[in-house]
Amino acid sequence: MKKHKKEHHEEHMDETWLVPYSDILTLLLALFIILFAAGQIDQKKYERIMAGFNSAFTGGTSVFESTSDLSIDITDDNMGKNDNPVTAETESVLAAARAREEHDMREMKEKIDQYINENNLSTQLETRITDEMLMISIRDYALFDSGSALVKTEAQKLAHIISEILRQYPNYNVEVAGHTDNLPINTAEFPTNWDLSSRRSLNFMKYLLQSNGLDQSRFRSIGYGEFQPIAANTTEEGRAKNRRVEVNILRNFGQPTNTFGGRQ
């Protein structure tokens with residue numbers, strides 16, 4: 001009987017292998033869950049979030065991948081409501097990135113305003129911070145002769161000053177926009193106001209890009225013609241305000257722009 005019991009005990013299977021086996025299954029399950037969750041994230045939102053993270057961690061901000069809308073909407077369905085809720089850590093990083101962006105916008109404005117004041121250019125230049133950008137608005141007569149798109153010699157210095165400031169903030173997108181009043185132009189060089197505004201914005205942008213260290217892929221020029229006035233075209237004063245070139249330093253976390261019909 002003793003011998004029989006001993007042999008029965010020796011034939012009992014060792015079950016210690018179940019512990020590492022269950023650990024492996026748990027890890028595999030966790031891996032599949034992570035892969036599934038990652039597959040649900042919208043790729044564009046993912047890229048924009050990563051740009052924001054980079055901005056917060058490197059002290060910069062993040063030219064146009066497809067549109068000027070580089071903002072992150074943390075209330076989107078994919079990010080804030082359904083499968084991928086925004087974590088407190090993500091919100092903290094986004095808040096830090098937005099705070100850094102706001103600091104940069106105000107710092108750039110102060111530098112440009114200082115140049116304006118030191119050179120008595122307040123009637124020619126104006127700066128303004130919006131939810132979308134830092135806007136540097138330059139009256140056309142400060143840059144061009146009437147009906148011309150050639151940048152004046154004295155205006156080339158202004159382009160250099162602005163570009164040196166932009167060089168210190170390399171991760172922002174820049175739009176150089178030309179505007180006219182509603183008086184029609186019809187010359188061999190400029191058949192329409194579209195042509196004049198487009199050529200003026202392009203020529204001024206070329207002078208901005210002469211400074212070393214600027215990433216040209218972050219710039220674009222655009223002509224709006226007469227279709228985005230900031231004053232009434234019924235008076236000469238209003239028309240003079242509408243004839244302008246804007247250097248728009250775009251936020252990465254601003255409100256989206258409406259390409260057709262003006263900014264929202």
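This is a short tour of one helix and the sheet it packs on, in a predicted model.

**The helix α5**

Let's start with α5, which covers residues 88–118. At 1.5 Å a residue, its 31 residues should span 45 Å, and the end C-alpha atoms are indeed 45 Å apart, so the two values agree. Quite a few of its residues are buried, including Thr90, Val93, Leu94, Met105, Met108 and Ile112. Glu101 and Tyr115 are also among the buried ones. After the helix comes Asn120, with a positive phi near 55 degrees.

Asp104 deserves its own look. This residue sits in α5 and has a relative accessible area of 2%, so with buried meaning under 20%, Asp104 counts as buried. Its side chain makes a polar contact of 3.0 Å with the side chain of Tyr172.

There is also a record to set beside the model: an unreviewed UniProt entry places a "coiled-coil region" at residues 98–125. In the model, that stretch is 75% helix and 4% strand, with its end C-alpha atoms 27 Å apart.

**The sheet**

Next up is an open sheet of five strands, in the order β1-β2-β5-β3-β4 and with mixed pairing. β1 (125–129) and β4 (219–223) are at the edges with a single partner strand each, so each has one side without a neighbour in the sheet. On average, neighbouring strands are turned by 15 degrees against each other, direction ignored.

Here are three of the strand pairings:

| Strands | Sense | Bridges |
|---|---|---|
| β1 and β2 | antiparallel | five |
| β2 and β5 | antiparallel | seven |
| β3 and β5 | antiparallel | seven |

If you want to find these pairings on screen, a few residues help. Arg128 has Met135 in β2 as its bridge partner. Met133 is bridged to Leu250 in β5, while His179 stands opposite Arg244 in β5.

What about β5 itself? Seven of its seven residues are buried, so this strand is largely enclosed by the rest of the structure. In a regular strand, side chains alternate between the two faces of the sheet. Both faces of β5 are covered: Arg244, Glu246, Asn248 and Leu250 are buried on one side, and Val245, Val247 and Ile249 on the other.

**Helix meets sheet**

Back to the pairing of β1 with β2, which is antiparallel over five bridges. α5 packs on this sheet and touches β1, β2 and β5 (244–250), its direction making about 165 degrees with that of β1. Helix α7 (residues 153–167) packs on the sheet too, touching β1, β2, β3 (173–179), β4 and β5, and its direction makes about 175 degrees with that of β2.

Key:
Residues numbered from 1 in each chain as written. Predicted model: local features only at pLDDT ≥ 70, side-chain atom pairs only at ≥ 80, totals over all residues. Heavy atoms only, no water. Expected span 1.5 Å × (residues − 1). Buried < 20%, exposed > 50% of the residue type's maximum accessible area, 1.4 Å probe, protein only. Polar contact = N/O pair within 3.5 Å; in protein donor to acceptor, adjacent residues only side chain to side chain. Pairing = 2+ DSSP bridges. Axes fitted to C-alpha atoms, helices over the stretch in contact; angles between N-to-C directions. Contact = heavy atoms within 4.5 Å. UniProt positions renumbered as here; feature names shortened; annotations may be inferred.
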